[in-house]
Amino acid sequence: MRINRRAVAAAAAIAVVLPLSACGGSEAGSTDASGKVEGKITFQTWNLQANFKDYFNGLIADFEKQHPGTDVKWVDRPAEGYADKISADAAGGTLPDVVNVSPDLVAPLAKAGLALDLDKAASQYKKEYLPGAWDAHRIPGAEGTYAFPWYLNTGPLFYNKRLLKDAGLDPEKPPTTYDEVFDAGLKMARQSKGKVAALANVPTIEDFGRYGVPLMNEEGTAFSFNDPKGVELLTRYKELYDAKALDPQALTATPESSGHKFLTESVAMNPGSALDLANFKKQAPSLYKNIGITDQITSTGKANMYVMGVMVNAQSKQKPAAVAFAHFVTDATRQMEFAKKVAIFPSTAGSLDDPYFTEEDGTDETRVRIAAAQSLKTAVNYTPVLFSEQMKTELRNAVARALQGKQSPEEALDNAVKACDRLLRQS
């Protein structure tokens, strides 16, 4: 259950086939979800059945008991190929009534008229959720919200106290700004003669967002991460790369491989989530002994939020039941129950003030949970919902060209923006 990562499969695959299914009939065009909650609906989750079978079976039983005459069929799909499965169902008219999605997956479905606009169909529930979470499933340049926010995640910056100390840095005073991260990285590389890198990952779109780079225009028609501030960020990363303060394998690294570098104490700093600390304790006791925890680095004052959602199929023949169930899955009671089973956070307003997210007990796990919960109150999802996997590849390739000196940071980002804008027009 990789809840703090973006979609593995390409959401762009959905956009390719969706025009075939956007038939625009009366069912698709209606946002009326009023009426009796009854009938059979299908609920699809994303790689959750293996670990949470009893939880969801109990949740469904509770819903059916509260709403006699309803029948919820639960299907769970593996993480691999999830986007492809949604695209096939959308094209074939077999999309489930209620679907677990991430913002980048819901965007093409909404464009094709297959995601119900909750601002119209279920606006009475909006106040129950954190504003940033509710807004995560909006599409720039368009009106509407197309999924109930479900579970959230964010996390701190983990660092290796021993490696900082070996470099002559104070392990009790970790970097708190981007400038301090870059300066610390350069010093570590000098002190270790290039053997210890500060980071193992190149900047992604969310890093540009946290740095304060404007990512897209307000209309949602063009990208803007080639802004001078974006060029500045990439230039600083090139300084790290040239000094071997950025791991040499960073150009081809995945989030998993970057995490492994930190786990094996090859790099000094790594962004993570509340899920990671238990893994460190179990898999790397020597690292856990030296683990440092500090706030996520951001120039905006707002942390990055990973968000999952629950979408209602706009063509569902049982809209009242589908909306009622999607809300039931994501209401405050159910979200708190789920959050206590796994290291995720509820998106419902007020839930993060529960003692579970506010009261210290002296453990690092609780410390991370409390800090993450506090930051989530104002966190945002920096990754634009229209930023597809193809676009992520374009940016990653541009970053690689800049770091390798094949193009200047400015030229590389200009070309990436042009490529992403072209893909945006094609979607």
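Helix α16 is a good place to start in this predicted model: the cover over its buried residues includes α3 (49-66), β4 (148-153) and α15 (319-330). Helix α16 itself spans residues 332-339, and its buried residues are Arg334, Gln335, Met336, Phe338 and Ala339. The N-terminal end of α16 is capped by Asp331, which places a side-chain oxygen 3.3 Å from the backbone nitrogen of Thr333. Arg334 also has an aromatic partner, lying over the face of Phe328 at 3.8 Å from the ring centre. A comparable arrangement can be found at Tyr356, where the charged end of Arg369 sits over the ring, 3.9 Å from its centre.

The loop that runs between α16 and α17 (364-376) contains Thr348. With a relative accessibility of 1%, Thr348 counts as buried, because the cut-off for burial is 20%. The side chain of Thr348 is joined to that of Ser351 by a polar contact of 2.6 Å. Setting aside residues up to four places away in sequence, Thr348 touches Glu128, Tyr129, Leu130, Thr330, Asp331, Ala332 and Gln335. Two of these names will be familiar from the helix: Asp331 is the cap of α16, and Gln335 is among the buried residues of α16.

Aromatic residues deserve a closer look. The count of aromatic pairs comes to 29. In one of them, the ring centres of Phe43 and Phe56 are 6.2 Å apart and the planes meet at 50 degrees, so the pair is tilted. Phe43 belongs to strand β1 (residues 39-46) and Phe56 to helix α3, so this pair ties together parts that are 13 residues apart in sequence. Phe43 is buried, at 0% relative accessibility, and Phe56 is likewise buried, with a relative accessible area of 0%. Ring pairs also link Phe43 and Phe56 into a cluster with Phe52, Tyr55, Phe63, Trp74, Trp150, Tyr151, Phe325, Phe328 and Phe338. This cluster leads back to α16, since Phe338 is one of the buried residues of that helix.

Turning to the nonpolar interior, the largest core has 144 residues, and those with the most contacts inside it are Phe225 and Phe325. Helix α15 provides the largest share of this core, with 8 residues. Beyond residues up to four places away in sequence, Phe325 touches Ile41, Phe43, Leu59, Ile60, Phe63, Val72 and Val98.

Two charged residues complete the picture. Lys53 is found in helix α3 and counts as partly exposed, at 47% relative accessibility. Leaving aside neighbours within four places in sequence, Lys53 is in contact with Leu48 and Trp74, and Trp74 is a member of the aromatic cluster. The C-alpha atoms of Lys53 and Gly230 are separated by 44 Å, with their positions 177 residues apart along the chain. Glu389, by contrast, lies in helix α18 (residues 389-403) and is buried, with a relative accessible area of 17%. The side chain of Glu389 makes a polar contact of 3.0 Å with the side chain of Lys392.

As for confidence, the average pLDDT of the protein is 90, and 93% of the residues score at least 70. Residues 1-28 have a pLDDT below 50, although this stretch has 73 contacts in the model beyond near neighbours in sequence.

Terms used: Residues numbered from 1 in each chain as written. Predicted model: local features only at pLDDT ≥ 70, side-chain atom pairs only at ≥ 80, totals over all residues. Heavy atoms only, no water. Buried < 20%, exposed > 50% of the residue type's maximum accessible area, 1.4 Å probe, protein only. Helix = DSSP H or I, 4+ residues; strand = E, 2+ residues; numbered from the N terminus. Contact = heavy atoms within 4.5 Å. Polar contact = N/O pair within 3.5 Å; in protein donor to acceptor, adjacent residues only side chain to side chain. Phe/Tyr/Trp six-rings, centres within 6.5 Å; stacked < 30°, edge-to-face > 60°. Lys NZ or Arg CZ within 6 Å of the ring centre and 35° of its normal. Core = buried A, V, L, I, M, F, W, Y, C linked by side-chain atoms within 4.5 Å. pLDDT = per-residue confidence, 0-100.
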